[in-house]
Amino acid sequence: MMLRFSLNLSVEADALDAAIEAVIKAGQLTRDLGGTLAGSEVTKAIVAQIHAAKVAA
């Protein structure tokens with residue numbers, strides 16, 4: 001929300017939202033959400049997803 005509404009970075013916010021959705025759909029979840037990954041591992045997966053999307057674009 002900060003990217004979109006405070007910093008007016010809608011494109012970046014959309015990219016982050018899409019990456020988070022892709023990681024969740026792939027089942028890469030933290031323990032509190034029923035997965036097995038640490039928060040840092042999920043973060044790395046989100047960053048990798050953003051990078052992959054940039055290369056594909």
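Helices here are DSSP runs of at least four residues, numbered from the N terminus. With that in hand, let's work through some exercises on this predicted model.

**Exercise 1. Find where leucine 9 sits, and decide whether it is buried, partly exposed or exposed.**

Step 1. Helix α1 covers 2-6 and helix α2 covers 10-25, and leucine 9 falls in the loop between them.

Step 2. The relative accessible area of leucine 9 is 30%. Buried means under 20% and exposed means over 50%, so leucine 9 counts as partly exposed.

Step 3. Now look at the company it keeps. Leu9 joins Met2 and Leu7 in a nonpolar patch on the surface. Together these residues have about 280 Å² of accessible area.

**Exercise 2. Say what stands out about the phi of asparagine 8.**

Step 1. Begin with the usual case: most residues other than glycine have a negative phi.

Step 2. Asparagine 8 is not a glycine, yet its phi is positive, about 55°.

Step 3. Place it in the chain: asparagine 8 belongs to the loop between α1 and α2. Its relative accessibility is 63%, so it counts as exposed.

**Exercise 3. Describe the chain as a whole: which elements does it have, and in what pattern?**

Step 1. Count the elements: there are 3 helices and 0 strands.

Step 2. Read along the sequence, and the pattern is α-α-α.

Step 3. Picture the space it takes up. The C-alpha atoms fill a box of roughly 35 × 25 × 15 Å along the principal axes.

Step 4. Turn to the surface. The accessible surface is about 4,300 Å², and 63% of that belongs to carbon and sulfur atoms. Of the 57 residues, 16% count as buried.

Step 5. Check how the chain meets itself. Take the contacts between residues at least 6 apart in sequence: 27% of them join residues at least 24 apart.

**Exercise 4. Work out which residues make up the largest nonpolar core, and which helix gives the most to it.**

Step 1. List the members: Ala19, Val23, Val42, Ala45 and Ile46, 5 residues in all.

Step 2. Match them to helices. Helix α2 and helix α3 (39-56) each supply at least two residues of this core.

Step 3. Helix α3 gives the most, with 3 residues.

Step 4. Zoom in on one member. If you leave aside neighbours within four places in sequence, alanine 19 is in contact with Ile46, Gln49 and Ile50.

**Exercise 5. Trace the salt bridges of arginine 4 and say which helices they link.**

Step 1. The total for the model is 3 salt bridges.

Step 2. One of them pairs arginine 4 with aspartate 14, where the closest N and O atoms are 2.9 Å apart. This pair links distant parts of the chain, since arginine 4 is in helix α1 and aspartate 14 is in helix α2, 10 residues apart.

Step 3. Another salt bridge joins the side chains of arginine 4 and aspartate 17, with an N to O distance of 2.9 Å. Aspartate 17 lies in helix α2 and arginine 4 in helix α1, so this pair ties together parts that are 13 residues apart in sequence.

Step 4. Put the pieces together: Arg4, Asp14 and Asp17 form a network of salt bridges.

Step 5. Check the exposure of each partner. Arginine 4 is partly exposed at 23% relative accessible area, aspartate 14 is partly exposed at 44%, and aspartate 17 is partly exposed at 42%.

**Exercise 6. Look at the salt bridge between lysine 25 and glutamate 21, and find how many residues apart the two lie.**

Step 1. Their side chains meet with an N to O distance of 3.0 Å.

Step 2. Both residues lie in helix α2, 4 residues apart, which is about one turn of the helix.

Step 3. Lysine 25 is exposed, with a relative accessible area of 66%, whereas glutamate 21 is partly exposed at 45%.

**Exercise 7. Decide whether threonine 30 is buried or exposed, and find its contacts.**

Step 1. Threonine 30 is located in the loop between α2 and α3.

Step 2. Its relative accessibility is 18%, so threonine 30 counts as buried.

Step 3. The side chain of threonine 30 makes a polar contact with the side chain of aspartate 32, at 2.3 Å.

Step 4. Leaving aside neighbours within four places in sequence, threonine 30 touches Gly35, Leu37, Ala38, Gly39 and Val42.

Conventions: Residues numbered from 1 in each chain as written. Predicted model: local features only at pLDDT ≥ 70, side-chain atom pairs only at ≥ 80, totals over all residues. Heavy atoms only, no water. Patch = residues over 30% accessible without salt bridge, like charges linked within 9 Å, V, L, I, M, F, W, Y side chains within 5 Å. Areas by Shrake-Rupley, 256 points an atom, 1.4 Å probe, with all protein chains shown as cover. Salt bridge = Lys/Arg side-chain N within 4 Å of Asp/Glu carboxyl O. Buried < 20%, exposed > 50% of the residue type's maximum accessible area, 1.4 Å probe, protein only. Core = buried A, V, L, I, M, F, W, Y, C linked by side-chain atoms within 4.5 Å. Contact = heavy atoms within 4.5 Å. Polar contact = N/O pair within 3.5 Å; in protein donor to acceptor, adjacent residues only side chain to side chain.
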